[in-house]
Each structure stands twice: as structure tokens, then as C-alpha cells.
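Opening my notebook on this one. I'll jot things down as I look them up.

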Amino acid sequence: MKKDALILGGGIAGLWCAWELARLGLESTIVETAAFPGGRAARLCCKATDECRRCGACLLEDVLHKVVWSDRITMLLHSDLLQVQGESGDFHATVSQRPARIVSDRCNDCGACEATCPVPGALVRSPWDRGLAIDEQKCRWFQDASCRACQETCAQDAVNLDRTPEILELNASTIVLASGFKPSDPHDTPRFGYGRVPGVVTGLELESLLRQENWEPGPSRKIAFIQCVGSRDAKIGRNYCSRVCCGYALRLARLLRNRFPDLSTSMFYMDIQSFERDFDKRLKEIEQEVKLVRSIPSEIRKGADGSPELVYQGLDDNREFESFDLVVLSVGISPNQSSVELGNIVGASSNVDGFVGGDGEAAVTSRCGVFVAGTVQGPKSIEETVSHAIRTAGEVASCVSKISREENE
Amino acid sequence: MKASAIESIFLTRKPRPKEDAALRVLVLGGDQTGMDLASRLAVEGFEVLLVGGTAVGQTSEGVDLFPDAVLEEIQGFVGGFEVILRTRRDRLTERVGFIVAAQPARIVPKYEQHSLTKSRKVISLSDLEAGLRTGNALEQPLDEWFHAAFLYGLKTESQPAVFARVLDAIEKLQGQGAIQPYVFTRHLKVAAAGLERRYRECRERGTLFFKFDDAGPFFDSSPNGPVMTFTDPLLHLEMDLEPDVLVVDEELLPPTMLEPLFKSMPSSRFAAPFLKPESTRFPGVETPKAGILAVGASRGVFDPEIIRGDIEAVIVALKRPMPEPMQESLPGPPEVDPGKCTMCLTCVRLCPHGAISFSKHAEADGATCTRCGICAEECPMEAIKLEPASQQPEMSVRIRNCLVHTGAAGKIVAFLCSRSAAHAMESIGRQIGENLVPIPVPCAGTVGLTHILSAFESGADGVIVAGCFKGNCASIYGTLLAEDRVGQVRGFLGEVGIDPGRVMFVSTASNTPGVLVHAVRNLELTITRVNNVEQCEKSQKRGSGAIP
């Protein structure tokens, strides 16, 4: 059966676009490569203190609940787009669906497989703590067929490593690319010491730990946030602002201060981007809680006591040295290589910054009938991603009704 | 209170029966955005009434122009609003299905912040833009300019949209002759598509940027014009500059004339001066009231690229079938018992979505009502009831059934907001749950004394009311009302011999199951402690009774 839209990516952009289309009476299929829907937002934490701080992370759960109940949306997990033929109004897509290795109907979530699995991270828990999946990139069975521990352990007979992928042929009038972004790789800026200096983490890693309630300050009493890691850096080809990092770093800093009042937090920045209304007032509040330092460190190194030490230009041009217990790199939003590849498959070209689609905030691409939604098109906050996905749904709906008018004529 | 006074306060008199107004849209415009939106809507088959400054001769078919009209009053609901427009000559009553606020931002030059006054050499960004457009609006010929100083977000924060305009102006000036631009700023706002790249290019073409953390330059005036003195933030050298032109940046504010819209939506006081609260519950153009949409400045968005998306989002919102089918788990629309309603208007004043009108008694509009249930709980006459969701008994019966079914001993009844806490509960799985009786409610704001007492009457040991975090309630203040009420109930419980510690309120989000788990564990501890104390007291009483 021909669907109105084939949506590539089951993160917040793809889900919201599918839901808006469903509200308009249009049917769509979401193709998601991971075992669980939700994408990046599913690993972000709520940043509410005593009140909501408007990070938007919970919008994912909102839309997911709506999508699950909609009979106009089909979700294909573990699935990858192989090729696309045809044209606007009549696309034929070939999708490979890897089978669910752990059958959710049988799995009773006992955790026995997790206990026996010898490879950390090969068994992936859903962001909602219910349900498990196998990461085929890590699982030994899919590397050299050397381990079947999980299948042998499972008393429920829920694990099946032997099922083979299925090839699906899908027809759709339009295609929406909603395959998201890649967090900037902190290794691209080696002077920040990521992977070399203990106590240097990325903002996303911290968020993920906070989401799992797995982070305690322990000895971390002094925390530094470093802005523009992989953003506003023409030397590594990122000639743009990622637009979200000032917001998430300051929200995280305030969240930590709220939970652990004796922590001290500092933020090292170039320019603080407004992310809320009445930002003058907000900034004054923030200054009470977070020390703002206008300087990007020239180096982060292992200090004499083992904790990370920042070297930066202080006021009056003095070189300053300051030790912290934890340094959080506010990594930005980069183009996703797999999105660019998907763009190649569907025939949508990339823009000057490497994101798929045109400049500005356009939802259309270089190919008729192919659209983009969310951060695949460029940096966006969660709220902006939702706005963009609604815009995309509108453009898709117009395109579909134009196609059906033409078909009727 | 006189009837006329009531009408002037609450503009929600029951409207006349709906005509076919659903395809008519009132657009409050004023610039290109309003016109683009109007013609887009016309193409989509809507009949548009466009209010606000429009150049003559740019009309498109299906758009009625009211260039000098002012929106005076709104009544009714989505699909059948009655609006009163005042023009220079008369007062028109029109019926429309939707109202879209798409006025441009109010632009205020920041002269005062710098104690500057407009003069031949001191102009606002808008003045410069007008001059560049027409070529003759400026008092001073452009070719006499060499040093052009721009102030941008120096004393108060600015917007990327304004920085884009500064860059536009610099590029145009550079295209017209020899010029040395300077930009004086604090935080450059580059968080918009392509802005960082344009900033770098502008710098490479010779514009000097000075970023200040402190007060910035000091302004004086000489017979020749303004004089600026400042310490270069990088070189730490004292500098002075006598610019040939000093361009003052501008503040972007929400439009005025939203007053009639505010009045139709009691929750608007949490959003004013914007039309939409700053809440992720309203991520697009929709406001808390169905059929009233906010585009661009009225929702706090100033980036022209995103505003273009807003236009598309309006089309999406207007094309949705109406009323949309509600989730099955939500109750039906509130029913008012005409015999009990005394027209006290509590519900009208409190409905966050402006869904309640009145003629002989209060009545909720089915398409506007989100079923939050705040009205039912707040009605002092208990005249309003939410019809239970299909095939579900009334809430007190549900509570009793749940407790009877599972055995009441040690049980905690949890009233969970279906938009946050109920989702969180789903992902808790096996961590808690044995002793928890979850009762999903449409909004925590619908939970009150009766519900909490009925839980205790049915034998529960404790009650949790779990709402959204402040600022994240889909009914704006439902969660605040719930928290207040739990406080009141605690006071009351003490009087009837139930330990107030047995009731608690907790703020949650759908992605914070942990918060709910902690709350339940804490309540369990409290209950154990209270049970012990109460048992001790009982046995002491028995003991003291035995001795004499």
C-alpha cells in the first residue's frame, strides 16, 4: 500500500512530523535504524529545578505516546534504507529490517542476559528502562559467532540470534529525512584533553548519567563548562553556531547547583546566546549561580593533583591556571554522516555547512518530493525542532494534495 | 454586578449559533508576514480578513483588507468567533473560525539606554535601513560617511534577528563606497542560520568588532557630532572615535493590540505581553485557546526564517479536522447542572483555555475544552462534572474498585497527571508499584479534597498527587492549583484525625520517573513512621486507661 510519507528517522523530528501528518489524516511509515524510537532526545535529562526550565526533553515522551496510539503511523525499528527509486508522488524504497533479537512479548525483563553478556554495551536497555536489544556492532555473535551466552541463558526463550534480516519494499508519495545530527566529536579539538585528561566529559555524557540518576558529585565540587566545542570553529569546518549549547550548559549548571548547593560552577564562553524571553533578567539570575568567564581555554591538561587544569587568558591578558574537579565540554551539533548518505540515496544535496537541505530553515530539498525535518537540516533546539517538523508536515501535506490533484486530472 | 459590567470583563457570552464561519480567518497583520500569511491562506481556500497596514494594490483574491481597522472584541470559540472591528468610519461585526496574531514586532530604538538623542549623525537601525532603501531619507548624504559605528546589544541583550539586520546594513554600505564600520557589542547573537558565517565574513572585510563586558563606550558630543571614548577590550588602550554616523540598535517587543485576545483567555496573564506562555507545552503557533494562533513576534519569535515556518504551521493547524478526536483515556466534556449553577463565574475566570461561556448558565465549548477538569474542581456549587472516559466509572468508584480489588492495606493512591506523571509511571516498571494504585487524571488541577478523602475512605494509607513542574502544565496553572489544594487538604486532614504527612504533592515530568520513585519511597517511610506513632499512641491510651 502506498503511504503518504516515508519518514527516515524516529527521533523527535520524525515522530512529530508523523504525528502532525496523522492529525491531517495522512499515513506514514517511520524507518528507524535503532532498536528503540526516540533518537538523541531519549538520552537527555529533564533540567527542571523547582520549576520547568524549558529544555524540551520531555516533548519526546509526549509525542511518543501520541504516535504509539495512532493507527496512521507505522514504525519500523532496526531498519535501514537501502535504495530509493521513482519520483515525487511515487517513490519505491527498499528497506532492510534486522529482526528483533530479543522478542519483547517473551522477555520478562529479568536481566539474566545482561548479567551473562561479556561485552559491555552489547545489550542495550531502552531509554524507558523496559525492554532490551542487542547492539549488533558490539555483540560477539555478529563479529565472529563466538558467543551465544544471552540466548543460552534466557529462560523465556526470548533471545534469537539466528533470525535473518528481511527486505521490505515500501511505496510512498513523499520522503522526509529526519535523521538528526551527530554530536561534535571532542577529539576534533585535542587541546581540550577529551579522552586524555581524566575528569573531562561531554555535556551529553553528563546528561545521560543524570537521566539514569547515575551521577553524584562525589569529589566533584568545582565544575567548568566549556562552550563552543565543535561550534563556531572555522578551523575544523564548523562555521556556525550550534544554537543549543549555551542553553543546555547553563540549564545543566543551574540544575547541578540546585541539587547540590555547595557545588561551584563556571562557564567559559565567547558570546552567550539568548535562549529565553526577557534574557537580561535571566542572565542576572544566572550570574548569581554560575561564574561566567569570557575566555575559551587554550588548553585543558592534567594538573599536578590529577584533576583537569584549565589554561586560559584572564582579564588584563594574564595567563590563568585553574583546577576543576570536572570539566564539561559543551559539544555542538554536527552534520550526521549517515544523514548525508541517506541524502545521497534519496537525491537531496547538502548545504554549505554540511547539513542536508537548503539554507535558512527550509523544509524542502534539492529534490522534488523529498523534505527535511529537524536537525538533519541544521542546528536547532528541541522546541525549534518541533516547530520545524510541523512546518515540514505542512509542506508534505501540500505536496501530497498537489500530487493527488494531478493524479485526478 | 450589572450585566453590562459582566460583559465587559468576560467576553465569553454564548455566541449566536454557528454559521459557516469555519473557513474564515481573521489575520492581524501589519507587514509582509501578515500579507504572506493571508495570501497563503487564500490559496488554501480560506476567506481571509486582513487587519493592519497594507500597501494598496497588493491584494490577492480571497483577502478582504481592513488596513486601518482595530480589533475591539472577541466572543465565541474556534470555528465560530464573533469579532468586532472598529474602522475609522464604523464598527463591524464579523464571524470567523480562527484568529491569527501575526503583527510585526514593536521596534523601539535604544537611544535612552545610552543617553543619546536622535540627530543628524545619531540614527536608529530602522532609519538607516529606510535611507538605504530610498536613498534620500537621510539628512546626511551617504558618501560623506566614513566611520560608521553600530551599537548592538551593548547594555541590554539583543536578538540574532537584529544582528542580521546590522550585517545587512554594513554589507549595503560597503557596497556603496569607502567605509569603515565598527560594531560595539557585548554578546554577539549568532544563533540563527548562517549568521556566524556572515559575521566572520563581515570581519574579514574590515569591520572592527569591540566586545565589552562592562559599561562599554562613553558617549559625549562635540559641535561636529557624537564622540565615543572607550578602552579597547583586547588591546587595553584608550581610544576615541568621532563617527560620521552612529547607528543605535533596537529592541524587538511583542506587538500591542493583543488585549482582546488576552481577555478571551484567562491564562494569558501568565503569558503577557506575549500571546503564548513561554512553555514547551506550546511549541508551535498554538496558544492555550483553540482557534487563536500566534505567529512570530506575538509568540516571542523574531527570526524571519522561523516566522516563515510559522506561516506553514498556521496552515497545518487550520487544516486539521475539527474538533479533533480526543484520546480515549480523557473524560468527556464537562456537563453543567443548570439547577446548581448560580452564574458565579468562577469557572469562566479560571478556565485556562477560555472554554466556558454563559447565557443562563455556564457552558463549556467542546472543541476548546481540553478536559483538564479545573472548572469541575473549582466550582463552589459542585455544578460541573466531567463525564468519565468511555466505559469507565466515576473516579471515586474507580479508586474504591482498585483498592478493593488489590486489598487496601498499606496502599498509596497516586493521582497522576496523564501528560507527565502517568507517562513516567509507565517506565518505572518493577521499581515500585506493588503498593501503588495509579489513578491517571487529565490534569493534577482536577484533584481536590473529595478525591483525596475518597481514597482514605476506601482504605488507602497515603495519597500522592503528581502534577507537572511549574511552567510545564498544559493547563498553565493546573499544577499550581493542585499543589495549593494539597496544602489545604493537609490542614484539613489534621482536623479529622488523619496525619497530614499521609498526603503529598510532587512535581514530575514524563522523563523523570526517578522523581516519582523517590516521592513514593519517602511517602512510604512517612506512612510507616506515622503508623508506628499512631499505634504507640493507641497502646499508650489503652495502657493509661488500664492503670487507674
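**Entry 1: Leu128(B)**

I started with Leu128(B), which is buried because 25 other C-beta atoms lie within 10 Å, and 20 would have been enough for that label. The model is a predicted one, so I keep that in mind throughout. I placed Leu128(B) in helix 3 of chain B. Which residues does Leu128(B) touch, not counting those up to four places away in sequence? I found Ile123(B), Ala169(B) and Val247(B). I then checked the pair with Ala169(B): 41 residues apart in sequence, and 7.6 Å from C-alpha to C-alpha.

**Entry 2: helix 4 of chain B**

Next I looked at helix 4 of chain B, residues 160-176. I noted 17 residues and 25 Å from the first C-alpha to the last, close to the 24 Å expected at 1.5 Å a residue. Which residues of helix 4 of chain B are buried? My list has Pro160(B), Ala161(B), Val162(B), Phe163(B), Ala164(B), Val166(B), Leu167(B), Ile170(B) and Leu173(B).

I wanted to know what covers these buried residues. The cover includes three helices of chain B, namely helix 3 (125-134), helix 5 (195-204) and helix 7 (304-319). It also includes strand 10 (147-152), strand 11 (180-185) and strand 17 (250-253) of chain B. Helix 3 is where I had found Leu128(B).

**Entry 3: the nonpolar core**

A general reminder to myself: in soluble globular proteins, nonpolar side chains tend to be buried together. Here the largest nonpolar core has 278 residues. Which residues have the most contacts inside that core? I wrote down Leu177(A), Val27(B) and Val100(B).

I followed up on Val27(B), leaving aside neighbours within four places in sequence. Val27(B) is in contact with Val100(B), and also with Gly34(B), Leu37(B), Ala38(B), Val48(B), Leu49(B), Leu50(B), Val51(B) and Ala102(B).

**Entry 4: chain A as a whole**

I turned to chain A and got 10 helices and 19 strands. Its C-alpha trace spans about 70 × 55 × 40 Å along the principal axes. Why call the radius of gyration of chain A in line with a compact globule? Because a compact globule of 409 residues would come near 22 Å, and chain A has 23 Å, which agrees. I noted that 51% of the 409 residues in chain A are buried. Of the contacts in chain A with a separation of 6 or more, 69% are between residues 24 or more positions apart.

The domain assignment splits chain A into domain 1 (2-98 + 165-181 + 335-408) and domain 2 (184-332). I found their C-alpha centres 31 Å apart. Between them, 12 residues of domain 1 of chain A are in contact with 19 residues of domain 2 of chain A. On the domain 1 side I have 4 nonpolar, 2 polar and 6 charged residues.

**Entry 5: where chain A meets chain B**

How many residues does each chain put into the contact? I got 52 residues from chain A and 46 from chain B. On the chain A side, helix 1 (12-23), helix 2 (59-69), helix 8 (279-289) and helix 10 (382-408) are the elements that give two or more residues. Helix 10 of chain A gives the largest share, 10 residues. By class, I noted 18 nonpolar, 11 polar and 23 charged residues on this side of chain A.

**Entry 6: chain B overall**

For chain B I have 14 helices and 26 strands, and 47% of the 548 residues are buried. The assignment gives domain 1 (11-105 + 255-319), domain 2 (108-251), domain 3 (334-386) and domain 4 (395-539). I put the C-alpha centres of domain 2 of chain B and domain 3 of chain B at 55 Å apart.

**Entry 7: backbone oddities in chain B**

Most residues other than glycine have a negative phi, and most peptide bonds are trans. I went looking for exceptions. The bond from Ala272(B) to Pro273(B) is cis, with omega near 10°. Pro273(B) sits in the loop between helix 6 (259-263) and strand 18 (292-294).

Ser115(B) has a positive phi, near 50°, and counts as exposed because it has 8 C-beta neighbours inside 10 Å. Met257(B) also has a positive phi, near 70°, in the loop between strand 17 and helix 6 of chain B. With 17 other C-beta atoms within 10 Å, Met257(B) is partly exposed.

Note on methods
Residues are numbered from 1 along each chain as its sequence is written. Chains are lettered from A and ligands numbered from 1 in the order in which they are written. This is a predicted model: local features need pLDDT of at least 70, side-chain atom pairs count only at pLDDT 80 or more; totals for chains, interfaces and linings use all residues. Helices (H or I, at least four residues) and strands (E, at least two) are DSSP runs, numbered from the N terminus. The expected span of a helix is 1.5 Å times one less than its number of residues. A residue is buried if 20 or more other C-beta atoms lie within 10 Å of its own, exposed if 12 or fewer, and partly exposed in between; C-beta atoms are placed from the backbone. Two residues are in contact if their C-beta atoms, placed from the backbone, lie within 7 Å. A nonpolar core is a set of buried Ala, Val, Leu, Ile, Met, Phe, Trp, Tyr and Cys residues joined through C-beta atoms within 7 Å. Ala, Val, Leu, Ile, Met, Phe, Trp, Tyr, Cys and Pro count as nonpolar, Asp, Glu, Lys and Arg as charged, and the others, Gly among them, as polar. The radius of gyration is taken over C-alpha atoms; the globule rule is 2.2 Å times the number of residues to the power 0.38. Domain bounds come from an automatic or database domain assignment.
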